[in-house]
Amino acid sequence: MSEISILLIEDHDLTRMGLRAALQSHSGLKVIGEAANATQGLKLLETAKPDVAVVDIGLPDMDGIELTRKFKRYQAETGQSTTKILILTMDHTEDAVLAAFAAGADSYYMKETSISKLTEAIQATHGGNSWIDPAIANVVLQKMRQGFPGETQSSDKPKTVKIEALATEYEQVLETYPLTQRELEILELIVAGCSNGQIAEKLYITVGTVKTHVRNILNKLCADDRTQAAVRALRSGLVA
């Protein structure tokens, strides 16, 4: 099994050194580059093409959200879509979370969580699954319940996120292939930020079975990843 290549974009030298040392000690992970600011980070993202970029949200020259937005635009224009972005932050305020969500980050990780969880988040992100920290999932859920009043604000205000209800074609798929009770249980745990391993433990089933259910859920919700599935589940009322 090949190593997961990682790029660290973090301005705090001690934090970056600590992350590098911890990740390098984990078999299957390899840090191939580092940057102390967004400008350097963007250049490395384009040239090094890592599997996963761990991006601090509080960079000095440009925040991690804007970096993510620029890089996702670059990926769309060039077709270079292999690199995943994992936002690293201590800020789980509503504005920061939803702005990161809108920028297109693949995963959202709180700094105070353990390094072992970070490796798990990196592996999940590399595997095409979005890691949603429980604190972040709760913010998104709370905002969903409020109905996103910010969507009607004037265009000169900063964009946070726009999450729409299920489109007609998605509703038709769900009518034809409704979610089973087990799939709904797993969907609720996805929204809560649980990994496949955690879901397996909570429901007393194997990780392989969880993966099969997750794949079926994504297909039925016409979602590309767990983040999109969670958003559509919340917006459509599948998960309260």
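So, let's start with arginine 226, which is buried at a relative accessible area of 4%, where buried means under 20%, exposed over 50% and partly exposed in between, using a 1.4 Å probe and protein chains only. Quick caveat before I go on: this is a predicted model, where local features need pLDDT of at least 70, side-chain atom pairs count only at pLDDT 80 or more, and totals for chains, interfaces and linings use all residues. Numbering runs from 1 along each chain as its sequence is written, and side-chain values use heavy atoms, with hydrogens and water left out.

Okay, back to the arginine. Arginine 226 sits in helix α11, residues 226-236; helices here are DSSP runs of H or I with at least four residues, strands are E runs of at least two, and both are numbered from the N terminus. What does arginine 226 touch, leaving out residues up to four places away in sequence? Its contacts, meaning heavy atoms within 4.5 Å, are Asn129, Ser130, Ile190, Cys194, Ser195, Asn196, Ile199, Val214 and Leu218. A polar atom of the arginine 226 side chain is 2.5 Å from the backbone oxygen of cysteine 194. And tryptophan 131, 95 residues away along the chain, has its C-alpha 8.0 Å from that of arginine 226.

Now the pocket. The largest one has a volume of about 510 Å³. For the record, we use a 1 Å grid over the protein atoms alone, and a pocket is an open set of points where a 1.4 Å probe fits, with protein on both sides within 12 Å along at least five of seven lines; lining residues have an atom within 4 Å of a point. The volume is the space filled by probe spheres set on the points, which are joined across faces, edges and corners. There are 22 lining residues, and the closest to the centre are Ala124, Asn129, Asn196, Lys211 and our Arg226. Helix α10 gives the largest share of the lining, five residues.

Last stop, the aromatics. How many aromatic pairs are there? Just one pair, with ring centres required to lie within 6.5 Å, using the six-membered ring for Trp, and planes under 30 degrees apart called stacked, over 60 edge-to-face and the rest tilted. Phenylalanine 71 and tyrosine 74 are stacked, 5.9 Å centre to centre with 25° between the planes. Both belong to helix α3, residues 64-78, three residues apart, about one turn. Phenylalanine 71 is buried at 0%, whereas tyrosine 74 is partly exposed at 21%.

Note on methods: Polar contact = N/O pair within 3.5 Å; in protein donor to acceptor, adjacent residues only side chain to side chain.
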